[in-house]
Amino acid sequence: LSKMYHKEKSLQIKNSASALYNNLSVLRIAPRSLTYFTVVHANTVSIVSASWDGLNTSHRQLQSKEPNVATSNSLIMQAAWCVLPSRDLLVLTSQKGIQMYESDGSIMVYWHALDTPETATAQAVFARGIAAVRENYICVGEASGGILVFDIPSKGGNITLSEVLEEHKESITDMASECSGSQECIADMVSADDTGTLCVWKSGEEFQLLNKITGFDMSCSSVKLWKGTVVAGYGTGQIRLYEAVTGILHAEVNAHARWIYSLDIAPFSGLLLSAAEDSFVRVWHLTMTPESNTVEISHMYNECVTDTQICGAKFCDGDGYAFGVTGYDLSEIIRYTQS
């Protein structure tokens, strides 16, 4: 097991990583043999573009913005690339609003301000949880539990807010869309909140709630959707696999000793990456048994990133051949490739 991946030369970043869930996003630009990485630090996002051999890198930084203000000190909660058939966008969420950029971070194409509460005692305002859904939607979660659905026209027309989904009662922690590319899957999207409640959605002119899987008062910090299966990581260090449409629990694994900060799936191989505060990154393999409609999980690989509270881990490709890891206070992205 230990020989599956080996460590590559790390990529240096301008700032260290903040201790946020899912604090690493990756975009592969195959025609140019480049991979983009983003890491959030306070009110700044570092974008690193690296050639596949790791020899050439370039850096760009984005700041959180507000209307009529050049830059803002509002904390950024998440940065993630949203890959749609017609265009790729980089989405940033903060305590003030949602910014959407062209994929290289060069041009801001859309800004959505969050509603500020009238009273000082009202709950926190921020957005977190980002998912590109089907052909033309980007969904973003809010602290109030609402989910904003943005319609992204293919020809670069005006981005609009098409609806707000009000099903969660607590802050959204993460969202994901079906990543296997299979059109047969009924469920398009899953959203998770601070109590561990999961909502399973079907997209369309209006999004439909297909299923609500009740939590048990333990935050679900990271969630994925693959071949109709919800894969959820919790503050308990557990990973649970549910059938999306019925909510049947297929498997439960005590994966980590501490809080899980990040999950990722390589859709082509069924490899699952989990990373936690306990400084371990683990790779699992998911297999579907169509006859019994069950999914099984087996453990493949362990890596201890010594003395590091890991806060982001992402595969760099759809096969799971390589992955990157970020850690709190670490000014680098550690990369691993299959041996």
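This passage describes the overall fold, two of the sheets and the largest pocket of a predicted model.

The chain in this predicted model is built from strands, with 29 strands and zero helices in its secondary structure. Taken along the principal axes, the C-alpha atoms fill a box of roughly 55 × 45 × 40 Å. For a chain of 339 residues, a compact globule would be expected to have a radius of gyration near 20 Å, and because the chain has 19 Å, its value agrees with that expectation. Of the 339 residues, 57% are buried, where a residue is counted as buried if its relative accessible area is under 20%.

Among the sheets of the chain, one is an open sheet of four strands, which follow one another in the order β7-β8-β9-β10 with antiparallel pairing. The edges of this sheet are formed by β7, which spans residues 76–83, and by β10, which spans residues 108–113, and each of these two strands pairs on one side only. On average, neighbouring strands of the sheet are turned by 15 degrees against each other when direction is ignored. Within the sheet, β8 (residues 88–94) and β9 (residues 97–102) are joined in the antiparallel sense over five bridges, and T93 has I98 in β9 as its bridge partner.

A further open sheet, again of four strands with antiparallel pairing, has the order β23-β24-β25-β26. Its edge strands are β23 (260–266) and β26 (294–304), each of which pairs on one side only, and neighbouring strands of this sheet are turned by 20 degrees against each other on average, with direction ignored. The antiparallel pairing of β25, which covers residues 280–289, with β26 extends over 10 bridges, and T289 stands opposite T294 in β26.

Empty space in a structure can be located by rolling a probe the size of a water molecule over the atoms. The largest pocket of the model has a volume of about 1200 Å³. It is lined by 40 residues, of which W81, V83, S177, C179 and P267 are the closest to its centre. Several strands take part in the lining, since at least two residues are supplied by each of β3 (25–29), β7, β11 (127–133), β15 (172–177), β23 and β27 (310–315). The largest share, five residues, comes from β7, which is also an edge strand of the sheet β7-β8-β9-β10. In chemical character, the lining divides into 21 nonpolar, eight polar and 11 charged residues.

Definitions and conventions: Residues numbered from 1 in each chain as written. Predicted model: local features only at pLDDT ≥ 70, side-chain atom pairs only at ≥ 80, totals over all residues. Heavy atoms only, no water. Pairing = 2+ DSSP bridges. Axes fitted to C-alpha atoms, helices over the stretch in contact; angles between N-to-C directions. 1 Å grid on protein atoms, 1.4 Å probe; cavity = no way out; pocket = protein on both sides within 12 Å on 5 of 7 lines; lining within 4 Å. Points joined across faces, edges and corners; volume = space filled by probe spheres on them. Nonpolar A, V, L, I, M, F, W, Y, C, P; charged D, E, K, R; others polar. Rg over C-alpha atoms; globule rule 2.2 N^0.38 Å. Buried < 20%, exposed > 50% of the residue type's maximum accessible area, 1.4 Å probe, protein only.
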